[in-house]
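Hi,

Here is the structure I said I would pass on. Have a look at it first, and then read my notes underneath.

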Amino acid sequence: RRGLGADAVGRTVAQAGREIRSDYDLREALLAAAGTQELAGSTALAYVEAARTIDSDYDHREALTGLLAKGRVDAASLAALLRSARQIGSDYDLATLLTEVSKKSLLADAGVRAAYVEAVKEIGSPYDHRRALSAVVQRGDLPQDALLAVLRSAQDIESSHDRATLLVEIAGKYPLSGAARQGYLEAARTI
């Protein structure tokens, strides 16, 4: 509803998460709440907690993407969103959400970076694992710590093709010296 304050929206989404059993209906209620105003702080956290109760991978992803689409999401809310995303069992849906997160965050915040990497670890498909990492690499503006986290995660990509593809993307976007060069070589070693 338009005109509700942030506290009222936070209480509404928390109540929706407790009472609405249909994944579709809860997703729609959350998206409607996100459409009323930019959600921040405790309101965004209440939104993420309500979305966490959604069992459907698609509806869970769509609800979390709705929060991202509304505007800027603070680091604590983004980290909570990523922790919630770890419940998404579909590699495609999780990688798709992570690509959306990569559009909003440089992964400069240590908590967000750790939550992103932990979410990527949930992806079993080498293709979707690479896709989730490629999305942040393609930005071209990752801080050194985030690049190192991507390189460590790249070592877990089981497909040599997908790992090599990611490493070629990294080499084309970032100077590789020091720790980044070492991380790159370690990721390339088992191709």
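Below is what turned up, starting with the salt bridges and ending with one threonine.

Before anything else, keep in mind that this is a predicted model.

On charge pairing, the structure holds 13 salt bridges. As general background, side chains of opposite charge can pair when their charged atoms come close. I'll walk through three of the pairs.

Let me begin with helix α7, which covers residues 110–121. E118 and K121 both sit in that helix, 3 residues apart, so about one helical turn separates them. The two form a salt bridge, with 3.0 Å between the closest N and O atoms. What about their exposure? E118 has a relative accessibility of 28%, so it counts as partly exposed. K121 comes out at 47%, and because the cut-off for exposed is over 50%, K121 is partly exposed too.

Next is helix α3, spanning residues 41–52. R52 and E49 are both in this helix, again with a spacing of 3 residues, or about one turn. Their side chains meet in a salt bridge at 3.4 Å, N to O. R52 is partly exposed at 26% relative accessible area, and E49 is partly exposed at 42%.

The third pair is E28 and R27, whose side chains make a salt bridge at 2.9 Å, N to O. Which of these two is buried, and which is partly exposed? R27 has just 8% relative accessibility, and since buried means under 20%, R27 counts as buried. E28, at 32%, counts as partly exposed. So if you are setting up charges, here is a pair with a buried arginine and a partly exposed glutamate.

Finally, the threonine. T96 is in helix α6, which runs over residues 91–104. Is T96 buried or exposed? With a relative accessible area of 12%, T96 falls below the 20% limit, so it is buried. Leaving out residues up to four places away in sequence, T96 touches R61 and R131. That puts two arginines in contact with a buried threonine, if you want somewhere to start looking in the viewer.

To recap the three pairs: E118 with K121 at 3.0 Å, R52 with E49 at 3.4 Å, and E28 with R27 at 2.9 Å.

Cheers

How values were computed:
Residues numbered from 1 in each chain as written. Predicted model: local features only at pLDDT ≥ 70, side-chain atom pairs only at ≥ 80, totals over all residues. Heavy atoms only, no water. Helix = DSSP H or I, 4+ residues; strand = E, 2+ residues; numbered from the N terminus. Buried < 20%, exposed > 50% of the residue type's maximum accessible area, 1.4 Å probe, protein only. Contact = heavy atoms within 4.5 Å. Salt bridge = Lys/Arg side-chain N within 4 Å of Asp/Glu carboxyl O.
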